[in-house]
Amino acid sequence: DEWFSRGKKLPEDPGADTVDFPKRTTPAKGYELLFQPEVVRIYISLLKESKTPAILEASAGAIQNLCAGSWTYGRYIRSALRQEKGLSAIADLLTHDSERVVKAASGALRNLAVDLRNKELIGKHAIPNLVKNLPGGQQTPAKNLSEETVVSILNTINEVIVDNLEAAKKLRETQGIEKLVLINKTGNRSEREVRAAALVLQTVWGYKELRKPLEKEGWKKSDFQVNLSNASRTQGGNSFDDSTL
């Protein structure tokens, strides 16, 4: 805990497109080996080259964990993933047949989006695949994903569209609003899913620039308000996702 708190020093720099790892004066040892640049590159190589679902899940999960929170090396790793072209490799995993791989990729993207430059890129390139994994809509039927995975995807979408108008527009363009409203109002989704979808809808409605276009498409303000009256009350637990696996 003492070591981790010492790392919580540097905020994300919105103007920094690249961040270099600190130069070491002594070799890394022990737990430090887990977050060195050469190890991060191994994770990225595994994401790009491996065909084994367990390896893909574990690699994305390792990145998710390392990028969680505001500790110093998390900031460097978020930048390194962008510089090493790792964002697209993780976004591609959202189309994987394995639900565990999809969930790990979603969690990794959520933590990577803390970096503002990453958020912009993820908004451009990953929103369509995130939306495709949501239930409902008129597109090709989505996979029958578990509550945990759906909530993870919804939380990732919200992280990406907060303070990111272009990503919110992309969400609207890819049938995202239709799917979110269905989750919110059909009455056959869990309370956690409804709450997570409602949070995304509220974020979208918060953009005044989108209200007129949405209203022209037939949406009303009430469509963007939470509706828990019909949500399943049998689901226990918290209404949040952990930042790490």
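**View 1. What lines the second largest pocket: six nonpolar, three polar and two charged residues.** Here Ala, Val, Leu, Ile, Met, Phe, Trp, Tyr, Cys and Pro count as nonpolar, Asp, Glu, Lys and Arg as charged, and the others, Gly among them, as polar. This is a predicted model, where local features need pLDDT of at least 70 and side-chain atom pairs count only at pLDDT 80 or more, while totals for chains, interfaces and linings use all residues. Residues are numbered from 1 along each chain as its sequence is written, and side-chain values use heavy atoms, with hydrogens and water left out. Among the lining residues are Arg82, Lys85, Gly86, Ser88 and His125. Helix α5 (86–92) and helix α7 (116–125) each chip in at least two residues, and α5 gives the largest share, four. (Helices are DSSP runs of H or I, at least four residues, numbered from the N terminus.) The space in this pocket comes to about 160 Å³. A pocket is an open set of points on a 1 Å grid over the protein atoms alone, where a 1.4 Å probe fits, with protein on both sides within 12 Å along at least five of seven lines; lining residues have an atom within 4 Å of a point.

**View 2. Phe35 meets Tyr73 in a tilted aromatic pair.** Their ring centres sit 4.5 Å apart, with 50° between the planes. (Rings of Phe, Tyr and Trp, the last by its six-membered ring, pair if their centres lie within 6.5 Å; planes under 30 degrees apart are stacked, over 60 edge-to-face, and the rest tilted.) Phe35 lies in the loop between α1 (2–7) and α2 (37–49) and Tyr73 in helix α4 (residues 72–83), so the pair ties together parts 38 residues apart in sequence. Phe35 is buried, at 4% relative accessible area. (Buried means under 20%, using a 1.4 Å probe and protein chains only.)

**View 3. Tyr73 also pairs with Tyr76, this time edge-to-face.** The centres are 5.6 Å apart and the planes 70°. Both tyrosines lie in α4, three residues apart, about one turn of the helix. Both are buried, too. Zoom out a little, and ring pairs link Phe35, Trp71, Tyr73 and Tyr76 into a cluster.

**View 4. Thr203 sits in helix α12 (residues 191–205).** Thr203 counts as buried, with 17% relative accessibility. Skip its neighbours within four places in sequence, and Thr203 is in contact (heavy atoms within 4.5 Å) with Asn158, Ile161 and Val162.

Methods: Buried < 20%, exposed > 50% of the residue type's maximum accessible area, 1.4 Å probe, protein only. Points joined across faces, edges and corners; volume = space filled by probe spheres on them.
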